[in-house]
Amino acid sequence: MTDHKTGTREEWLAARLELLEAEKELTRRSDELARRRQELPWVRIDKEYRFETDEGAASLADLFAGRSQLLIYHFMFGPDYKAGCPSCSAIADGFDGSVVHLANHDVTLCAVSQAPLAKLQEYKRRMGWSFPWASSFGGDFKYDFHTSHTQQEWESGAVEYNFRTVDLRQPEGAENPVLDDIASSVETDWATYRREGPGVSAFVLDDGGVYHTYSAYERGVDGLWGMYQWLDRAPLGRNETGFWWRRHDEYESA
């Protein structure tokens, strides 16, 4: 017998209509936040960033692929990773379905990672993805947008991430099995794993100039994580205990 509250259809409908008002208010608030994102001032990018892509060397402007808007997902795949971050991989599982629609709305979606291009291409084949994915290996792009951190920053305990200075190191002597599990999923340790971070950045190409318009980190990318949008509507919600998700080709073995 369930210990969850039960009721009649009439009671459910009354409660659902009350919740609907709250959902409508959240939708209106979300629309307002979207408008405010679009009103942020644009910052011109004068630095020459270089990337390696399937088509060869590229500039930031080249990543627009002939469109006026560019969305970059900062995919956690450091040079020392043996595979892409499982959380970023779960998010990226939804990219291919969106790329074609965005492209036909003057928006290019592209992932960027620190790992060399050959590693990205191999992992992309494993995952069965086709979305654009560029390597910033050896460049400053992800450091400048605070989704990669140097060894010196890490050791100082002063990493710039999500618009604040944080210490992402585990306390000395402390044990955190969840963090260890996540790091081991890319076959490295926490310090190496977490010198990369997730995020999304938006750019616009206007009159020949590239401008940075928006960035978000941490839970600011929750809305891109498709499975959570479904779980939030499931009867038991996210119902999480630890690091439960896997790459899509690992569930059977797990």
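1. Helices in this note are DSSP runs of H or I with at least four residues, numbered from the N terminus. With that convention, H149 has its place in the loop between α5 (141-144) and α6 (151-156). The model discussed here is a predicted one. H149 counts as buried because its relative accessibility is 4%, and buried means under 20% relative accessible area. Leaving aside neighbours within four places in sequence, H149 is in contact with Y143, V159, E160, Y161, R194 and R195, so a reader inspecting this loop may wish to display those residues together with H149.

2. As to the overall make-up, the protein chain has nine helices and ten strands, and its C-alpha trace spans about 65 × 50 × 35 Å along the principal axes. Of the 254 residues of the protein chain, 38% count as buried. Among contacts in the protein chain with a separation of 6 or more, 62% are accounted for by residues 24 or more positions apart.

3. The accessible surface of the protein chain comes to about 15,200 Å², and 52% of that area belongs to carbon and sulfur atoms. In terms of charge, the protein chain carries 28 positive and 43 negative side chains, with the centres of the two sets 3 Å apart.

4. Strand β4 (residues 69-74) pairs with two other strands, and the two pairings have opposite senses: β4 runs parallel to strand β5 (residues 107-113), with six bridges joining them, and antiparallel to strand β9 (residues 199-206), again with six bridges. L70 illustrates both pairings, since its bridge partner in β5 is T108, while its bridge partner in β9 is F203. For L71, the bridge partner in β9 is A202.

5. Strand β9 is mostly covered, with six of its eight residues buried. Besides its pairing with β4, β9 pairs in the antiparallel sense with strand β10 (residues 209-217) over eight bridges, and in that pairing V204 stands opposite Y211 of β10. The hairpin of β9 and β10 has two residues between the strands, and D207 takes a positive phi near 55 degrees in this hairpin.

6. A second hairpin is formed by β2 and β3, also with two residues between them. Strand β2 (residues 50-53) and strand β3 (residues 56-59) run antiparallel and are joined by four bridges, and the bridge partner of R50 in β3 is S59.

7. The largest nonpolar core has 56 residues, of which L60, L63, F75, W133, F141, Y193 and F203 touch the most other members. F203 from this list is also the β9 bridge partner of L70. For Y193, leaving aside neighbours within four places in sequence, the contacts are M76, Y81, C85, I182, A183, V186 and T188.

8. Two further backbone values deserve a look by the reader. Most residues other than glycine have a negative phi. A65, although it is not a glycine, has a positive phi of about 55 degrees, and its place is in the loop between β3 and β4. A65 is partly exposed, given its relative accessible area of 49%. N239 likewise has a positive phi, near 45 degrees, and is a residue other than glycine; N239 is found in the segment after α9 (226-231). At 58% relative accessibility, N239 counts as exposed.

9. Finally, two helical positions may be considered. A15 has its place in helix α1 (residues 9-38) and counts as partly exposed at 46% relative accessibility; its C-alpha atom is separated by 39 Å from that of S201, 186 residues apart along the chain. D181 is found in helix α7 (residues 177-184) and, at 42% relative accessibility, also counts as partly exposed. The C-alpha atoms of D181 and G242, which are 61 residues apart along the chain, are separated by 9.4 Å.

Technical notes. Residues numbered from 1 in each chain as written. Predicted model: local features only at pLDDT ≥ 70, side-chain atom pairs only at ≥ 80, totals over all residues. Heavy atoms only, no water. Buried < 20%, exposed > 50% of the residue type's maximum accessible area, 1.4 Å probe, protein only. Pairing = 2+ DSSP bridges. Core = buried A, V, L, I, M, F, W, Y, C linked by side-chain atoms within 4.5 Å. Contact = heavy atoms within 4.5 Å. Areas by Shrake-Rupley, 256 points an atom, 1.4 Å probe, with all protein chains shown as cover. Lys, Arg positive; Asp, Glu negative; His and termini not counted. Charge placed at Lys NZ, Arg CZ, Asp CG, Glu CD.
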